[in-house]
Every structure is written in C-alpha cells, then in structure tokens.
Amino acid sequence: MADAEPLIAAIGAVASNGMLGLDGWLPWDIPEELAYFEATVAGAALVIGRLTYESMDVVPADSFIVSRRGDLQLRPGCRRVASVEEGLRAALATGKPVFVIGGASIYAAAWPYCRRFYLTRIDMPFAGDTLFPAEIPLDSWDLVSEVTQRYRERNSGQDVTCHFLQYEQRQPRPLPAPGGDPAEA
Ligand SMILES: NC(=O)c1ccc[n+]([C@@H]2O[C@H](COP(=O)([O-])OP(=O)(O)OC[C@H]3O[C@@H](n4cnc5c(N)ncnc54)[C@H](OP(=O)(O)O)[C@@H]3O)[C@@H](O)[C@H]2O)c1
C-alpha cells in the first residue's frame, strides 16, 4: 500500500516571472515562506545541488550534495553524491522522508522520480538569474493542496500573495539501480 512506497518530494518557490534564484540566493525576502520551507523539510534527508548547498547557513544531517567535484569538502553530516539518482538512493536509505530542495539543475534532473512537488507560487515578478525549469510538467500533475496567504516582502516593502501548492505525479519514474544512472550510461 502507499505506506511502503518510498516518497520522494521536491520543494521550492517561484516568482510569477519564473525566477527562483538571484546571486546564489533567493530573489525575495519573505520570512514566512522560508519558515514554511524549514518546517516542511524538518527531519528529512535532503538532496541539494552544490551551489544551493554553498548558499545555506545551516545544512542538516543526512544531506546529500550533488556535485561532479570528487574533492569537494563538505560540512559534517553531508555527503557528496555524483548524480541526482545516487543522492536519491542514499537519501532513501536513511529511512527518512526525502526532499529535493533545488536548485534549478537539481529540480530538472529529479522531477521524474518525485511523487510530490511542494511549490510556492509568489504573485510578483522578481529580478533573478535562475529560472524554474520550464520542462517540469506540473500542469499535468494533480493539484492536491492549495493554501493562499499574504505576506510582506521585505526588500520591496510590498504585500504579496503566496500560493502554497502541492502537486502529485501519479506514476513517478522508478529509480535506476546503481550503475544505471543516466550520467553513467
Ligand atoms: N526558489 C527556490 O525554492 C530555490 C531553491 C533552491 C535554490 N534556489 C536558488 O537556485 C540557485 C541555484 O540553482 P542552480 O541550478 O544554479 O544550482 P544548483 O542546482 O544548486 O547546483 C548546481 C551544481 O550542482 C551540481 N550538479 C547539477 N547537476 C548535476 C548532475 N546531473 N550531476 C552531478 N552534479 C550536478 C554541479 O555541481 P559542481 O559544479 O560542483 O559539479 C552544479 O554546478 C540559487 O540562486 C539558489 O538560491 C532557489
């Protein structure tokens, strides 16, 4: 039944113009949105792109950092993985819930394996340098939860509407066995 099925989820936030990153961090400053992210992933094993990892002040234990750099030095509790698939297998092996937390390149590689995508849509355009991957077909996933809130965006001083959405993909792709990752083919 569903209990036995490993649940891989992704979580992220995107502006109305598709931006999700600026200068290695978020394009906006909305403390409540950050708090929602932190509460949702608390206690989970995380799969994180190397650039996003480097932007984080605190990285919890059981974080798997995706990088091609074999000599990457990481903080305690973090392990380098050479592909998203290796990261997902390692994260699942912890027995914890698994969250893919970005950035864009990691969402783009991980979405086929995700059962759920927690996406906050922010009803305001922001200047940025990193776009949410357009190829993720969330429009064809089931929208299973939607909560709307208004918060103050601190850089602009404006109030902004945030839609906290949860999408579900009915048939995520099974993870390939070790040695069968696309990057290894
Ligand atoms: N809005 C949000 O919810 C959200 C969430 C997360 C991040 N962000 C933002 O997104 C931006 C970063 O995103 P990004 O896409 O530029 O960077 P990223 O995904 O965080 O990290 C990219 C790095 O991950 C590694 N990587 C990516 N694909 C790989 C693969 N297939 N195999 C092995 N390694 C791989 C490479 O590391 P090496 O170079 O070490 O090989 C690559 O340089 C930042 O601005 C961040 O703040 C926003």
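Two strands count as paired if DSSP finds at least two bridges between them. In this predicted model, Val147 has Phe164 in β10 as its bridge partner. That link belongs to a set of 11 bridges that join β9 to β10 (residues 158-168), and the two strands run antiparallel.

The pair is part of a wider sheet. Eight strands make up this open sheet, in the order β5-β4-β3-β6-β1-β7-β10-β9, and the pairing is mixed. β5 (78-81) and β9 (142-153) stand at the edges with a single partner strand each, so one side of each has no neighbour in the sheet. On average, neighbouring strands of the sheet are turned by 20° against each other, direction ignored. Helix α1 (residues 31-41) packs on the sheet, where it touches β1, β3 (45-49), β6 (98-100), β7 (116-122), β9 and β10. The direction of α1 makes about 175° with that of β1.

Elsewhere in the sheet, β3 and β4 run parallel and are joined by four bridges. Within this pairing, Ile48 has Ile65 in β4 as its bridge partner. Strand β4 (residues 63-66) sends Ser63 and Ile65 one way and Phe64 and Val66 the other way, and all are buried.

The next topic is the core. In soluble globular proteins, nonpolar side chains tend to be buried together. Here the largest nonpolar core has 46 residues, and those with the most contacts inside it are Ala10, Val47 and Ala110. Strand β1 gives the most to this core, with seven residues. Leaving aside residues up to four places away in sequence, Ala110 touches Ala10, Val47, Val84, Leu88 and Val100.

Tyr107 is placed in helix α4. Tyr107 counts as buried because 25 C-beta neighbours lie inside 10 Å, and the cut-off for buried is 20 or more. With residues up to four places away in sequence not counted, Tyr107 touches Ala10, Gly12, Val100, Gly102, Pro133 and Ile136. Tyr107 and Val84 are 23 residues apart in sequence, and their C-alpha atoms are 9.2 Å apart in space.

Gly102, one of the residues that Tyr107 touches, is joined to Gly103 by a cis peptide bond with omega of about 5°. Gly103 is found in the loop between β6 and α4. Both glycines also belong to the surroundings of the ligand: of the 29 residues around the ligand, Gly21, Gly49, Thr52, Gly102 and Gly103 come nearest. At least two residues of this shell are supplied by each of β1 (8-15), β2 (19-21), α2 (50-55) and α4 (104-110). Sorted by class, the shell holds 14 nonpolar, 12 polar and three charged residues.

Two aspartates have backbone angles to note. Asp23, in the loop between β2 and α1, has a phi near 50°, a positive value in a residue other than glycine. Asp62 lies in the loop between α2 and β4, and its phi is also positive, at about 60°, although Asp62 is not a glycine. How exposed is each of them? Asp23 has 11 C-beta neighbours inside 10 Å and therefore counts as exposed, the cut-off for exposed being 12 or fewer. Asp62 counts as partly exposed because it has 19 C-beta neighbours inside 10 Å.

Key
Residues are numbered from 1 along each chain as its sequence is written. This is a predicted model: local features need pLDDT of at least 70, side-chain atom pairs count only at pLDDT 80 or more; totals for chains, interfaces and linings use all residues. A residue is near a molecule or strand if its C-beta atom, placed from the backbone, lies within 6 Å of it. Ala, Val, Leu, Ile, Met, Phe, Trp, Tyr, Cys and Pro count as nonpolar, Asp, Glu, Lys and Arg as charged, and the others, Gly among them, as polar. Axes are lines fitted to C-alpha atoms, for helices over the stretch in contact, and angles run from 0 to 180 degrees between N-to-C directions. Two residues are in contact if their C-beta atoms, placed from the backbone, lie within 7 Å. A nonpolar core is a set of buried Ala, Val, Leu, Ile, Met, Phe, Trp, Tyr and Cys residues joined through C-beta atoms within 7 Å.
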